[in-house]
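Hi everyone, thanks for coming. I've got a structure to walk you through today, so let's put it up on the screen.

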Amino acid sequence: MIDLTTRYMGLELKNPLVVASCGLTKTVRGVQKCAEAGAGAIVLKSLFEEQISAEVMELTNHANHTGHTEGFEYLQGYGEALGPQDYLKLVREAKQAVSVPIIASINCVHNNSWAAYAKRLAAAGADALEINIGFLPRMAQMTSSEVDERYEQILYAVRSQVDLPMALKVGPYISSFAHLADRIGNDRVAGTPFTVGWCGPGETDKEITWRGADALVLFNRFYSFDIDADALQLTGGSRYSATEENHLPLRWISLLSGRVKSDLAAATGIYDGRDVAKQLLAGATVVQLCSTLYRNGLGQIGHILEHLQDWMQIHDFAQLEDFRGRLSQARSEYPEHFERIQYIKALVGIE
Ligand SMILES: Cc1cc2nc3c(=O)[nH]c(=O)nc-3n(C[C@H](O)[C@H](O)[C@H](O)COP(=O)(O)O)c2cc1C
């Protein structure tokens, strides 16, 4: 009897297949279909930081026109407390409709007042929160440590508001990713939170106990663009990933597994049972599926589960723990194989 159960961010999952945040999870009916198809957990479509802020802004502008300062402050507070109601309704109804864990998702770039909204997601019944930091570090004035601090600040801001299991979905455009993963994926006993960053009002010198994220989702896939060389203009890139793209999460999961406390969710380019087995061997706690479900339909979840079970049977694995992380660098007798040696082997002799 094959056991596919796993724990992810402290939640009990019947299997490690998580439907990623996308259009398939933006309605209660969509969520139900994913659950019926056999998903272990579901990440809801993201609410954007701007959507929360826009609602506050709209009310604020209205108050400014009427010129009542007290009214302005009241409305600002009211607006922040209101938040996008529809999303809260989705969380509440999705929770009622299915028994698998529901992970709410916020797409953000800053650590500002939207963080308070996380409390309302918890009250609506979200089992966990995934924070998609959709921030592309492209400004020459911004240093690598400032980029790292942005990630830490966002996690700290939300943690200060609510005690929900939290995943950080992070982008690959980081100059020293292992360093950042160490900072956001591990706990620290005490220390000043940020070297140049933000600590919250009146907290500049406060020492904090730092709690890392409960999970890191590797990696966020940024909307891609392309160039139409005939029309001499920009055009949209592929909306869906290609299976080759899963080498990036595979590399980083195999390097980080056993080295960060956070759970690791593999994301991008995971299409079939073999892809899932590879990510688990590298050390992933769960995998997230999106493009494969758009391209092959939700029935793909069942096919992947069958494939995974057959593969486990062939290799005499009864549960995920029997092989998870077996091919991670931390457990390897030949850690150098994960780094330069493979590169040299691949290139030497090739003309
Ligand atoms: C149509 C579509 C909508 C998406 N919307 C979101 C979103 O709202 N929030 C988010 O974090 N990721 C979003 N994503 C990204 C996916 O969650 C996923 O991380 C990405 O597609 C890579 O996984 P894949 O290779 O399995 O597609 C979206 C992807 C697609 C294709």
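I'll start with the whole chain, then go to the ligand, and then pick out a few helices.

First thing to keep in mind: this is a predicted model. The protein chain has 351 residues, and 42% of them count as buried. Going along it, you'll find 12 helices and 15 strands. If you take the contacts with a separation of 6 or more, 72% of them are between residues that sit 24 or more positions apart.

Okay, the ligand. Which residues are closest to it? Those are A20, S46, S241, C290 and S291, out of 22 residues that surround the ligand. By class, that shell breaks down into 11 polar, 7 nonpolar and 4 charged residues. Two elements to look for here are strand β6, at 102-108, and helix α10, at 291-296, since each of them supplies at least two residues of the shell.

Now let's move over to helix α8, residues 247-256. Is α8 mostly covered or mostly open? Mostly covered: 7 of its 10 residues are buried. If you want to click on them, they're P249, L250, W252, I253, S254, L255 and L256. And what do those buried residues pack against? There are two helices, α7 (177-185) and α9 (273-282), plus β11 (215-218) and β14 (263-266). Then, just after α8 ends, have a look at G258, which takes a positive phi of about 80°.

Next up, a helix pair. Find α4, residues 85-97, and α5, residues 117-124: their axes come within 8 Å and cross at roughly 30°. An angle under 35 degrees counts as roughly parallel, so that's what we call α4 and α5. The crossing is right-handed. On the α4 side the contact is made by L88, V91 and R92, and on the α5 side by R120, L121 and A124. Sorted by class, that contact has 4 nonpolar and 2 charged residues, with no polar ones.

One last stop, and it's a single residue: S160, which lies in helix α6, residues 144-161. Why does S160 count as partly exposed? Because it has 16 C-beta neighbours inside 10 Å, and a residue would need 20 or more to be buried, or 12 or fewer to be exposed. Also check the distance from S160 to A116: they're 44 residues apart along the chain, yet their C-alpha atoms are separated by 8.9 Å.

That's my tour, so over to you for questions.

Terms used: Residues numbered from 1 in each chain as written. Predicted model: local features only at pLDDT ≥ 70, side-chain atom pairs only at ≥ 80, totals over all residues. Near = placed C-beta within 6 Å. Helix = DSSP H or I, 4+ residues; strand = E, 2+ residues; numbered from the N terminus. Nonpolar A, V, L, I, M, F, W, Y, C, P; charged D, E, K, R; others polar. Contact = placed C-beta atoms within 7 Å. Axes fitted to C-alpha atoms, helices over the stretch in contact; angles between N-to-C directions. Parallel < 35°, antiparallel > 145°, perpendicular 65-115°, else oblique. Left-handed = near helix turned anticlockwise from the far one by under 90°.
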